[in-house]
Amino acid sequence: MLLPAEYTQPLSHSFTTKLTAEDIERVNKFYMLPGQRLDEWQIWLMRAVLETYPDDHADERLAGKLRYREGVLIEIPRQVGKTTVLGALMWLGYMKSAKRRNVTKMGCVASSVQQAQILFERVTLPMNQIPALSSRHSINRQSRTLRPKDNSVYAELKAYATVQPKSLQSIPFNADGNIAIVVDEVHLLDPSVYSNMKIGLTAQDDSILVGITSAGDELSTLLHTLEQYGTEAMQGLHERFGYFKYFASEALDQHHGLRSYEMVAAANPAVECGRIPFERVLEENGSLPDYEWSRYVLGRHGQAENLFLPLAMWTKSAGQGVPADSRRGAVFAIDRTEHWDYATIVAATLVEGKVHTEVVATIRNPTTDRLTEVCRQLYRSHRGIFVMDAITLKELRVNLREKYHLPVEFYNVQQLAQATSVTFSLAATNRLVHKNDPVMHKQRAVALTVASGDGYKISTKDSPSDIDSIKSMAMAVHYANSRSRDKLQTISA
């Protein structure tokens with residue numbers, strides 16, 4: 001049986017759990033499709049997720065309680081059977097919690113209405129197929145809600161879509177001794193939605209949240225935060241957080257090919273146990289490019305499809321910023337955040353066929369007057385040229401050009417698209433050298449592009465957070481590279 005490549009260890013070898021042998025048989029008999037049974041790895045995982053403190057625990061308040069009150073994160077490749085695990089845990093929790101003495105409110109949370117509907121249909125499938133269950137439980141597909149027909153039992157299982165995050169604010173989720181919330185595809189979840197659900201569990205001491213997901217990309221902020229927490233949990237820092245990650249370690253790369261059986265079996269427990277033939281994985285995923293195969297089949301994090309500068313390219317381009325003896329006459333590009341929280345000035349210059357760039361100023365709560373003064377200081381010391389967006393810093397452009405007669409160029413949409421393309425090309429061909437300034441390092445991971453004409457451009461609107469330093473860098477790099485060749489065409493003031 002394949003265990004996760006990384007996971008939090010149980011409290012003891014013979015740990016206690018809420019999942020009983022009778023529960024497993026009930027799932028196999030009523031929940032699984034005809035001819036199917038839970039895999040051994042699925043049983044192991046369900047037992048681990050529902051681990052409890054032993055009844056004789058030194059702290060009486062914890063005795064018999066679910067261990068992972070802070071939550072559980074499960075990472076597993078696609079096409080493994082994670083929906084089966086997810087649905088089985090919820091169905092079993094509902095069946096065990098929906099009793100007269102309990103108030104049960106459970107939630108299945110998905111990233112879209114369609115996925116929420118799929119989850120709901122799978123969880124409630126036994127209620128449709130087994131007369132003894134359908135006679136006692138009511139299903140409303142429009143609202144995706146499951147309830148007992150006995151009005152004396154207050155219980156509800158509802159599927160939610162995170163396209164409506166406000167609907168998840170402070171819901172009093174509860175499933176005494178079981179999982180109250182399961183979240184599918186955590187890598188797509190907004191952190192605020194996760195916080196809303198956690199708040200809804202605050203008053204419950206024996207109900208937990210379980211998130212399950214395939215690998216994410218550099219924009220999966222919540223997933224990376226939970227991964228870090230999980231890594232610390234494996235080190236013993238967070239005893240009440242569970243972390244289970246299936247993936248093919250990069251250490252295998254030196255011994256096996258990316259698409260070999262050994263690689264896939266190291267990540268996919270369904271292939272390792274023989275339920276899913278390796279040949280089927282190849283047949284259904286063989287057309288994927290390597291980076292998608294690595295992410296979706298091997299469980300390794302990938303890059304966002306429209307990420308401006310991938311991490312590997314960025315890392316390779318790191319080095320010295322603008323050399324000290326080449327700063328005079330440098331290009332200084334300025335951009336600001338949407339709400340004027342920050343502005344960043346980036347310098348660039350062409351030295352021996354390579355464009356060197358670095359951040360020279362980050363200004364908090366900037367104003368046009370403050371930016372004007374900083375630019376005048378830079379001009380006095382370096383005699384450089386200033387470039388900026390034609391729209392977002394229009395007043396600064398007018399100030400510098402009309403009032404102080406400084407050399408200023410500005411970028412329209414078409415020129416920003418050129419800057420995006422040229423900067424990417426320079427990085428890809430080892431002709432870009434950056435200083436890896438902290439603000440750039442942070443914003444690179446969220447700088448996205450969108451289609452623009454026949455090409456693409458950096459988009460502040462589509463990027464999930466501020467990218468002013470990356471946009472400034474692209475303009476500075478492009479102008480520094482271009483001015484020694486064809487003069488950049490600009491809009492006349």
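Is phenylalanine 244 buried or exposed? Phenylalanine 244 is buried, with a relative accessible area of 1%. Here buried means under 20% relative accessible area, exposed means over 50%, and partly exposed lies in between, with a 1.4 Å probe and protein chains only. The model is predicted: local features need pLDDT of at least 70, side-chain atom pairs count only at pLDDT 80 or more, and totals for chains, interfaces and linings use all residues. Residues are numbered from 1 along each chain as its sequence is written, and side-chain values use heavy atoms, with hydrogens and water left out.

The rings come next. The structure holds 9 aromatic pairs. Rings of Phe, Tyr and Trp (its six-membered ring) pair if their centres lie within 6.5 Å; planes under 30 degrees apart count as stacked, over 60 as edge-to-face and the rest as tilted. One of the pairs joins tryptophan 44 and phenylalanine 244 edge-to-face, at 6.1 Å centre to centre and 85° between the planes. Tryptophan 44 lies in helix 2 (residues 40-49) and phenylalanine 244 in strand 11 (residues 241-245), so this pair ties together parts that are 200 residues apart in sequence. Helices (H or I, at least four residues) and strands (E, at least two) are DSSP runs, numbered from the N terminus. Tryptophan 44 is buried, with a relative accessible area of 18%.

Phenylalanine 244 also pairs with tyrosine 68: the ring centres are 6.2 Å apart and the planes stand at 85°, so this pair is edge-to-face. Tyrosine 68 sits in the loop between strand 3 (51-52) and strand 4 (71-75), 176 residues from phenylalanine 244. Both residues are buried. Ring pairs link Tyr7, Trp44, Tyr68 and Phe244 into a cluster.

Phe244 also appears in the largest nonpolar core. A nonpolar core is a set of buried Ala, Val, Leu, Ile, Met, Phe, Trp, Tyr and Cys residues joined through side-chain atoms within 4.5 Å. Of the 92 residues in this core, Met197 and Phe244 touch the most other members. Helix 3 (residues 82-97) supplies the largest share, 9 residues. Another core, of 31 residues, lies apart from it and includes Val355, Ile467, Met473 and Ala474. In soluble globular proteins, nonpolar side chains tend to be buried together.

One open sheet has 9 strands in the order 1-11-4-10-9-5-8-7-6, with mixed pairing. Strands pair if DSSP finds at least two bridges between them. Strand 1 (6-7) and strand 6 (137-140) stand at the edges with a single partner strand each, so one side of each is left without a neighbour in the sheet. Strand 9 (residues 178-184) and strand 10 (residues 207-213) pair in the parallel sense over 6 bridges. Isoleucine 181 stands opposite leucine 209 in strand 10. Helix 6 (residues 191-200) packs on the sheet and touches strand 4, strand 5 (103-110), strand 9 and strand 10. Contact means heavy atoms within 4.5 Å. The direction of helix 6 makes about 155° with that of strand 10. Axes are lines fitted to C-alpha atoms, for helices over the stretch in contact, and angles run from 0 to 180 degrees between N-to-C directions. Helix 2 lies across strand 1, strand 4, strand 9, strand 10 and strand 11, running at about 160° to strand 11.

Another open sheet has 6 strands in the order 16-15-12-13-14-17, again with mixed pairing. Strand 16 (408-411) and strand 17 (432-434) form its edges, each with a single partner strand, so one side of each is left without a neighbour in the sheet. Neighbouring strands are turned by 25° against each other on average, direction ignored. Strand 12 (residues 331-336) and strand 13 (residues 342-351) pair in the antiparallel sense over 6 bridges. Arginine 336 has alanine 343 in strand 13 as its bridge partner. Strand 15 and strand 16 pair in the parallel sense over 4 bridges. Both faces of strand 16 are covered: Val408 and Phe410 on one side and Glu409 and Tyr411 on the other are all buried. Helix 17 (residues 468-482) lies across strand 12, strand 13, strand 14, strand 15, strand 16 and strand 17, running at about 25° to strand 13.

Asparagine 430 lies in the loop between helix 15 (413-428) and strand 17. Its phi is near 60°, a positive value in a residue other than glycine. Asparagine 430 is partly exposed, with a relative accessible area of 41%.
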